[in-house]
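Reader: I'm new to this, so could you take one part of this protein and walk me through it slowly? I'd like to look at a single helix and what sits around it.

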Amino acid sequence: MTPGIVPPFLLDRLASTDDPRMARAAEAARKTLAVPRPARPTRSRLRLSIEGDTLVAETGPAPDRIISDAANTENLPGRRVRSEDDAPSGDAAVDEAYDGLGETYDFFWDAFARDGIDAAGGSLLATVHFGDDYDNAFWNGERMVFGDGDGDVFVGFTRSLSVIAHELGHGVTEASGGLEYQGQSGALNESLSDVFGALAEQHHLRQSADEASWLIGEGIFAAAVQGEALRSMKAPGTAYDDDVLGTDPQPAHMRDYVETSDDNGGVHINSGIPNKAFYLAATALGGFAWERAGLIWYRTITAGTLSPTADFSAFATATLSAAASEYGEESEEVAAVRAAWAGVGVEEDAAA
């Protein structure tokens, strides 16, 4: 299954509702579930900054964004409507996707010196207006694809930077060796994308770990939906509580781990556990979360040593190794990461 930002269990719930107020949304969910997901030049730019009384000019890599329009069909890539350096198109979805791709690129470059999703300056591709009332956004191994939503439950996916960066995060994980999209390795795959989604948004807003909302998909629900976002990394299980959508099912601790054969073994559900671990590490360290906690998680996935079938315990051990390599065995970073995994029941609490 190609990863999508909206979990299949949420679409299933919406598709089965008989609430007459949600007739259009239910039909949109059914159509979304039925659609199969189809599975570069180097650029540079001049960036100016001020250090004290000095104007500093630096040349660095630049994104190469190409936005296409599927015109509410399911045909990819669609018609090219905006490329790098083009003026805004006037189509909100096109321009939001263009901006979001650029902000995600800037995050990965500024935080980790990563030149694009493939780390080699490859083009950033996206298609908007995919499908008819399509209730999802996904990464298909080549490009970002955005539906417009049904208007009653989902009101568009390009307006959320955390959604855009989440899906592009799947590309980073894939380019780094990948994590099998099943069970705990699949939940880690989803969690890493949530981490990158949250960090890209925080980087864009220049928010510290304490200031950030830690919400994924904030702003994509219609006003009638009782919920803030698709997921909360700060408090898994609290993102929404709605008569039609139900209650956010994410656990925040291993004692509540959900055993299921649905959703590829609960990849969108149990990702709440490593999400909470990252939140705990980031807030314990403070400051900008991408600078230390984010760097540790990034080093873990890009080191080339993580098994594609890694479970939570193996990933926790790998983050501890990455923290020790970056900051030293006795560092506060190692202590914070160890305490975070203990806090969600993956590692034993060394202080206990």
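Author: Here is a close look at helix α8 and its surroundings. One thing up front: this is a predicted model, where local features need pLDDT of at least 70, side-chain atom pairs count only at pLDDT 80 or more, and totals for chains, interfaces and linings use all residues. Residues are numbered from 1 along each chain as its sequence is written, and side-chain values use heavy atoms, leaving out hydrogens and water.

Let's start with Ile296, which is found in helix α8, residues 293–302. Helices here are DSSP runs of H or I with at least four residues, strands are runs of E with at least two, and both are numbered from the N terminus. Ile296 counts as buried because its relative accessibility is 1%. (Buried means under 20% relative accessible area, exposed means over 50%, and partly exposed is in between, using a 1.4 Å probe and protein chains only.)

So who touches Ile296? Leaving aside neighbours within four places in sequence, Ile296 is in contact with Thr319, Ala322, Ala323, Tyr327, Glu333 and Val337. Contact means heavy atoms within 4.5 Å.

Now try Trp297. With neighbours within four places in sequence again set aside, its contacts are Leu192, Val195, Phe278, Ala281, Phe315, Thr319, Val337 and Trp341. Trp297 also belongs to the largest nonpolar core, which has 90 residues; together with Phe154 and Trp214, Trp297 touches the most other members. A nonpolar core is a set of buried Ala, Val, Leu, Ile, Met, Phe, Trp, Tyr and Cys residues joined through side-chain atoms within 4.5 Å. Helix α3 gives the most to this core, with 10 residues. In soluble globular proteins, nonpolar side chains tend to be buried together.

Next, have a peek at Arg292. The side chains of Arg292 and Glu332 form a salt bridge, 3.0 Å from N to O. (That term means a side-chain nitrogen of Lys or Arg within 4 Å of a carboxyl oxygen of Asp or Glu.) Arg292 lies in the loop between α7 (272–285) and α8, while Glu332 is in helix α10 (residues 332–343), so the pair ties together parts that are 40 residues apart in sequence. Salt bridges with shared partners also bring Glu333 in, joining Arg292, Glu332 and Glu333 into one network. Remember Glu333 from before: Ile296 is in contact with that residue too. As for Arg292, a relative accessible area of 22% makes it partly exposed. In the whole structure, a search finds 11 salt bridges.
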